Amino acid sequence: MARKSNVDLPHCAKCVRPYVTPVREESHSPRVDGKDTETQKHEVTCSGSRHQALELISVDLQSRRNNKEHRTREMGLKRLVVRRGQAFTITLTFNRSFPLQANTAFVAETGPEPTELLGTRATFSLTQAQQGNAWSAFDFTLNQNSLQVSLFTPANAVIGPYTLKIQLSQDRGHSVTYLVGTFILLFNPWSTDDDVYMPSEILLREYILMDYGFVYKGHERFITAWPWNYGQFEDDILDICFEILNKSLYFLENPSKDYAQRNDVVYICRVVSAMINSNDDNGVLQGNWGEDYSRGVSPLEWNGSVAILRQWSARGGQPVRYGQCWVFAAVMCTAEEAAVRQDTQHRACAGEPCAWLCTPFRRNFHVWNECWMIRRDLPPGYNGWQVLDPTPQQTSSGMFCCGPASVKAIRDGEVHLAYDTPFVFAEVNADEVIWLFGDGQAQEILAHNTSSIGKEISTKLVGSDQRQNITSTYKYPEGSREERSVFMKASWRMLGSRRASSPFLDLLGSGGMEGQPAQLQLHLARTPQWGQDLLLTLRARRVPGRTHPRGPIRLVLHFCAQALLHGGRTREPLWRQLVHLNLDFGQDIEWPLLLPYNNYRNRLTDEKLIRVSGIAKVKETGRSMLVLKDISLESPHLSIEVSERAEVGKALRVHITLTNSQTESLSNCTMVLEGSGLIDGQISKDLGTLVAGHTIGIQLNLYPIKAGPRQLQVLISSSEVKEIKGYKDIYVAAASSF
């Protein structure tokens with residue numbers, strides 16, 4: 001038999017029956033103090049007299065039923081979690097029949113010092129029908145001493161934990177207030193009146209009800225899907241999310257004002273964006289774009305958000321070490337209670353909003369979030385997906401946060417619209433200008449690339465493990481008339497008063513470098529794997545140039561390879577090579593390049609990224625050309641196999657296999673397993689050393705906790721390679737009933 005979710009009630013000493021302790025009417029505290037009300041309580045007789053004062057003796061919040069109807073049962077059934085703009089039902093039992101003429105009112109309160117003026121307190125009476133988009137108690141049914149009533153919360157109510165009370169009138173005009181219980185109120189993307197409403201059940205299942213997903217990393221031509229455990233339905237995660245709000249600078253400065261603004265999804269997004277990083281508060285994550293992670297955890301070694309959020313809460317809100325862009329964005333996916341997805345773009349512009357004028361460096365990739373909402377603060381037409389970026393890069397209104405910025409506004413170059421649209425536009429639609437420096441001064445422009453920034457903007461395809469390219473939602477096709485027009489419009493607006501004296505507008509309007517007498521490209525001859533030599537091919541073709549249209553040319557190419565950091569900066573060269581080429585008009589040449597493993601063996605960062613660059617000097621013109629290739633090295637692959645059927649509470653056999661195909665051993669190997677609904681927390685295991693060419697197999701049993709689609713994430717890390725990741729999608733059947 002299903003258990004009811006009842007409020008834990010004290011008992012009357014005279015008749016040993018449960019009652020709800022009354023709270024004095026003049027008290028505004030949600031705390032119930034039995035000592036304060038003892039005398040008042042026992043002035044009420046426990047006889048069956050028809051003139052007996054009306055008392056509330058028990059409450060059934062019907063958490064099981066309500067949480068199912070409000071699509072929150074994954075968060076548990078022990079407490080009431082509901083969504084705004086949707087009614088829920090509770091049952092109240094009194095010491096005698098409930099009189100319809102009773103003067104009864106419900107009171108809902110949230111936050112410190114709640115008031116009706118701030119929208120953090122609501123008082124509403126029993127009515128026959130719902131009172132529009134307002135707090136209502138309606139559709140009630142009387143059954144002997146019980147009252148079943150539907151409560152409605154407005155679609156613009158403040159989200160968060162609430163205390164619910166009932167005020168009952170007594171003789172001589174007095175009234176007594178009883179604590180009914182507590183509940184948590186969330187945004188409701190299923191409600192047409194909520195600003196986060198999303199009109200697609202398929203999208204809602206993906207963005208609200210799925211507790212796992214992917215982070216896309218790597219190079220534009222070698223994109224890797226990393227599994228991530230969002231874990232938003234784990235028992236304590238919802239409480240931690242509200243704890244995040246309660247530690248923000250906005251709350252600490254003015255708690256009542258902060259709570260009053262928690263009905264606004266734009267406000268919530270900006271607070272959460274600021275609190276995921278710790279640059280100006282005790283936010284969740286401390287960023288680290290260096291190479292020393294000895295005082296924390298490498299960003300590459302996180303499997304999901306749950307461990308991060310639990311560590312932050314357990315340590316009293318001290319920032320967790322360490323995060324980079326994909327970790328910040330993934331944790332925000334967990335913490336935001338609206339439809340949120342992660343986006344990754346490859347070749348992201350970094351720096352100030354006008355960094356496209358002369359890019360100091362560029363990221364290999366960057367990860368941010370999108371949140372679905374109505375933008376009542378913007379002109380019509382800019383609803384839908386909005387960019388949020390919790391990675392601390394620049395301040396917005398004095399805080400390290402970014403967004404929400406309308407994706408449509410970014411595509412149309414409307415960079416004057418809030419929030420932080422110029423910055424996001426520059427990240428995804430920049431011109432890359434590369435200068436050759438010598439003796440501390442810029443000598444010439446090596447490249448002006450109009451299409452190298454903002455490549456392959458990706459997110460998870462709905463209902464699939466595949467990647468979806470959404471670049472077209474951010475900008476028009478590269479090189480099109482529309483794209484150049486939007487780019488120039490945005491550039492004009494961002495330069496503002498500086499545009500009249502700026503020499504860069506002519507450069508940006510030129511559309512790129514033209515007139516070079518040769519085309520140079522670098523290609524990989526085979527898949528680049530860590531632990532092996534890298535084979536590249538230089539392809540050179542003689543074409544008509546502006547200053548040297550025909551005839552042979554001589555090229556002197558200086559190649560080097562450098563370890564590439566995630567932020568776009570590079571280390572000192574680890575390999576050099578000099579190449580001389582003679583090119584006749586119309587001639588194609590392919591030249592092999594070999595980068596030995598020993599050159600980069602101990603010289604790379606944990607992300608295993610290499611940048612190969614070549615500067616070609618044209619003897620006949622004295623001008624230079626640039627050729628670049630960023631390489632992401634593949635890690636060893638692991639395989640995960642499970643028994644055919646998974647069922648709640650029954651052993652699920654898991655077999656994990658890893659082969660070390662490298663030329664050297666992997667030392668200090670550790671394995672971490674994670675997966676909401678499959679594992680409570682994490683499973684860790686030391687694996688020792690995996691000798692080159694050998695295979696290790698691990699077998700273990702899991703006992704699934706929840707039914708439905710689940711994902712098992714596996715991370716194997718070693719001193720040499722930090723990120724050997726794999727995943728397995730598993731459907732868990734409900735427990736068999738006999």
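User: Let's start with Gln468. Where is its place in the secondary structure?

Analyst: In this predicted model, Gln468 belongs to strand 22, which covers residues 467-469.

User: How do I read its surface exposure: is Gln468 buried, partly exposed or exposed?

Analyst: Look at the relative accessible area: under 20% is buried, over 50% is exposed, and partly exposed lies in between. Gln468 has 28%, so it's partly exposed.

User: And which residues is Gln468 in contact with, leaving aside its neighbours within four places in sequence?

Analyst: Here you look for heavy atoms within 4.5 Å. For Gln468 that gives Ile457, Ser458, Thr459, Lys460 and Leu461. You can also check a C-alpha separation: Gln468 and Glu456 sit 12 residues apart along the chain, with 9.0 Å between their C-alpha atoms.

User: Now sheets. What is the order of the strands in the open sheet of three?

Analyst: To read a sheet, follow which strand pairs with which. Here the order is 30-32-35, with antiparallel pairing. Strand 30 (638-642) and strand 35 (695-702) are at the edges; each has a single partner strand, so one side of each has no neighbour in the sheet. From one strand to the next, the twist averages 15°.

User: How many bridges join strand 30 and strand 32?

Analyst: Five, in the antiparallel sense, with strand 32 spanning residues 652-659. To see the pairing up close, find Glu641: across from it, in strand 32, is His655.

User: Zooming out, how many helices and strands does the chain have?

Analyst: Count 15 helices and 37 strands. The chain has 738 residues, and 55% of them count as buried.

Notes
Residues numbered from 1 in each chain as written. Predicted model: local features only at pLDDT ≥ 70, side-chain atom pairs only at ≥ 80, totals over all residues. Heavy atoms only, no water. Helix = DSSP H or I, 4+ residues; strand = E, 2+ residues; numbered from the N terminus. Buried < 20%, exposed > 50% of the residue type's maximum accessible area, 1.4 Å probe, protein only. Pairing = 2+ DSSP bridges. Axes fitted to C-alpha atoms, helices over the stretch in contact; angles between N-to-C directions.
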